[in-house]
Structure formats: C-alpha cells, structure tokens
Amino acid sequence: MYEWLTSIKEPENEMNFENGELEIVPINSTGVLTEMSEVCLFFASYDVLLKTDALATFPVPNEKALKMTMEEIVPHYSDVKQIFIDGKLTEINVRCLKDASKKMVQDKLSVGSYPVIPDLYRSKERDNFPISRKLNYFEVNQAQIEPLYLKETEKLQRFITYSFLAKYGSLSLQPKGWFLEEKLKESATIRLFSSFAKRMVLVVDDKDGNVVGLDIYG
C-alpha cells in the first residue's frame with residue numbers, strides 16, 4: 001500500500017439520530033440574490049455539476065451554524081424545511097437550487113479560482129452502486145500530505161467545524177472520478193482538509209479501486 005495510506009477496519013458510525021416528536025416547518029425563501037459565499041458554493045456545486053436536485057441536510061447545533069446556514073445557504077434554494085425534534089431546531093434541509101444561484105455557481109467555477117470543487121468532482125457522472133459490494137477503508141497519514149491553505153476556504157472550514165463536526169464529529173463527502181492511486185496524494189481536496197481535519201478516511205470499492213467516499217473527522 002502507499003506510504004500515505006494505512007488500511008483500517010470500517011470506522012464505527014458515531015452519528016446519533018435523535019428521537020422525539022418530529023415537526024417539519026417550511027421556510028419561504030424569497031429575496032433578490034446578488035452573491036454566493038464559498039460556503040454555499042461548495043455544497044451547491046454538486047447539484048450544478050451533476051445536474052440533479054439532491055436533498056442537502058445541514059445540522060444546526062449552535063447559533064453560529066444556524067446563522068451561517070440561514071444567511072448563506074437558505075436564500076439560494078426554493079425548497080427549504082426546518083426540522084424540529086421535541087420543539088428544538090436540529091437541522092435545515094434544502095433542495096432545488098434557484099436558477100439565479102445555478103448561474104452564480106457556473107460563473108464562479110468558470111474563472112477557476114476555487115480548485116477544490118473541480119478536484120472533488122472530476123467526473124460528472126452519478127454512480128449506480130450495486131446493492132451488495134465490498135468496501136475497503138484507508139486512513140490518510142496526514143504527515144505525508146502537504147496542507148493547502150486557501151483564503152477562499154477559510155469561511156467554509158469554520159462552517160464545517162460549527163455544523164457537521166460539532167454535531168456529528170465528521171463530514172462525509174462523495175468524490176467523483178477518484179481512483180486509489182499514488183497521485184491522489186496531491187488532491188487539492190485532501191490537501192485542503194488536511195489543514196484542519198484531525199483524521200481523514202478514504203472509502204474504496206474493492207472491485208475497481210473507485211474512491212466512493214472521503215470522511216473528514218474533527
């Protein structure tokens with residue numbers, strides 16, 4: 001195996017699903033949009049590049065996560081719902097990126113100033129995974145990775161820390177067009193997250209070496 005990777009057992013899933021009385025409250029997302037932050041750009045790019053309307057869930061375990069989600073993500077989607085458990089707001093679900101927001105994503109990506117997104121989505125094809133398959137797990141030896149620091153991602157790092165890492169302890173990404181090979185070590189995505197993640201794990205299809213997941217731990 002490559003020096004920058006260590007084969008491990010499947011990590012335990014520490015994500016806790018809350019039980020209680022569920023209430024779903026829609027948000028009327030209106031207003032004129034003139035800008036999109038790097039936070040929304042990172043998550044919205046999936047829909048634009050893969051031509052889909054995927055449901056995205058954002059945990060809001062604290063006021064910082066809630067404020068950033070409401071101000072920087074919610075206005076760009078037409079279908080927005082607040083999820084309450086026993087009267088407590090736990091997450092916000094968004095779907096259907098607005099046309100104006102899709103154009104913002106396209107315009108921002110066209111200038112090439114945000115290398116992480118085209119690196120993360122090297123392929124624009126959506127995966128059709130078999131019902132049963134064998135997955136292998138490899139922990140990234142971050143001492144072997146040269147961290148990448150980008151001004152454009154400072155706010156994104158704060159948001160991920162406030163939301164996903166604060167609530168679940170991890171964030172799971174779905175790279176497209178990644179294969180387990182030595183040069184993956186130079187991935188802008190891996191280098192970026194190595195600058196602040198405590199741990200990173202690659203999830204790899206045993207059959208063809210296709211990297212189907214990148215798990216970031218805080």
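Biologist: Lys51 caught my eye in this predicted model. What is the relative accessibility of Lys51, and does that make the residue buried or exposed?

Modeller: Exposed means over 50% relative accessible area. Lys51 clears that bar, so the residue counts as exposed, with a relative accessibility of 69%.

Biologist: Where does Lys51 lie, and what is its phi?

Modeller: Lys51 lies in the loop between helix 1 and strand 3 (56–59). Most residues other than glycine have a negative phi. Lys51 is not a glycine, yet its phi is positive, near 50°.

Biologist: Cys96 has a positive phi too. Which element holds Cys96, and how does its accessibility class come out?

Modeller: Cys96 is in strand 5 (residues 88–97), and its phi is about 70° although it is not a glycine. Buried would need under 20% and exposed over 50%. Cys96 sits at 26%, so the class is partly exposed.

Biologist: On to the helices. At what angle do helix 1 and helix 3 pack, and how is that arrangement described?

Modeller: Helix 1 (residues 38–50) and helix 3 (residues 99–110) have axes 9 Å apart, at an angle of about 100°. The window for this class is 65 to 115 degrees, so helix 1 is, relative to helix 3, roughly perpendicular.

Biologist: Which residues meet there, and how do they divide by type?

Modeller: Helix 1 brings Leu41, Ala44, Ser45, Val48 and Leu49, while helix 3 brings Lys102, Val105, Gln106, Lys108 and Leu109. By type, the residues of this contact of helix 1 with helix 3 are six nonpolar, two polar and two charged.

Biologist: And helix 5? How do its axis and that of helix 1 cross?

Modeller: The axes of helix 1 and helix 5 (residues 154–167) come within 8 Å. They cross at roughly 75°, so here as well helix 1 is described as roughly perpendicular.

Biologist: What does the contact of helix 1 with helix 5 consist of?

Modeller: On the helix 1 side you have Glu38, Val39, Phe42 and Phe43. Helix 5 answers with Lys155, Leu156, Phe159, Ile160 and Phe164. The tally for helix 1 with helix 5 is seven nonpolar, no polar and two charged.

Biologist: Which residues have the most contacts inside the largest nonpolar core, and which element gives the largest share?

Modeller: That core has 60 residues, and those with the most contacts inside it are Phe42, Ile190 and Leu202. The largest share is 10 residues, and it comes from helix 1.

Biologist: How many residues are in the other core?

Modeller: That core lies apart from the largest one. Val201, Val203, Val212 and Tyr217 are among its residues, and the count is five.

Biologist: Now Ser187: is it buried or exposed, and which residues is it in contact with?

Modeller: Ser187 is in the loop between strand 7 (170–173) and helix 6 (188–193). At 1% relative accessibility, it counts as buried. A polar atom of its side chain lies 3.1 Å from the backbone nitrogen of Thr189. Leaving aside neighbours within four places in sequence, Ser187 is in contact with Asp119, Arg122 and Trp178.

Biologist: Last one. What does Glu23 touch, and how far apart in space are Glu23 and Arg133?

Modeller: Glu23 is in strand 2 (residues 22–27) and, at 44% relative accessibility, counts as partly exposed. Not counting residues up to four places away in sequence, Glu23 touches Gln82, Ile83 and Phe84. Arg133 is 110 residues from Glu23 in sequence, and their C-alpha to C-alpha separation is 36 Å.

Conventions: Residues are numbered from 1 along each chain as its sequence is written. This is a predicted model: local features need pLDDT of at least 70, side-chain atom pairs count only at pLDDT 80 or more; totals for chains, interfaces and linings use all residues. Side-chain values use heavy atoms; hydrogens and water are left out. Helices (H or I, at least four residues) and strands (E, at least two) are DSSP runs, numbered from the N terminus. Buried means under 20% relative accessible area, exposed over 50%, partly exposed in between (1.4 Å probe, protein chains only). A polar contact is a pair of N or O atoms within 3.5 Å; within protein, one must be able to donate a hydrogen and the other to accept it, and residues adjacent in sequence count only if both atoms are side-chain atoms. Contact means heavy atoms within 4.5 Å. Axes are lines fitted to C-alpha atoms, for helices over the stretch in contact, and angles run from 0 to 180 degrees between N-to-C directions. Angles under 35 degrees count as roughly parallel, over 145 as roughly antiparallel, 65 to 115 as roughly perpendicular and the rest as oblique. Ala, Val, Leu, Ile, Met, Phe, Trp, Tyr, Cys and Pro count as nonpolar, Asp, Glu, Lys and Arg as charged, and the others, Gly among them, as polar. A nonpolar core is a set of buried Ala, Val, Leu, Ile, Met, Phe, Trp, Tyr and Cys residues joined through side-chain atoms within 4.5 Å.
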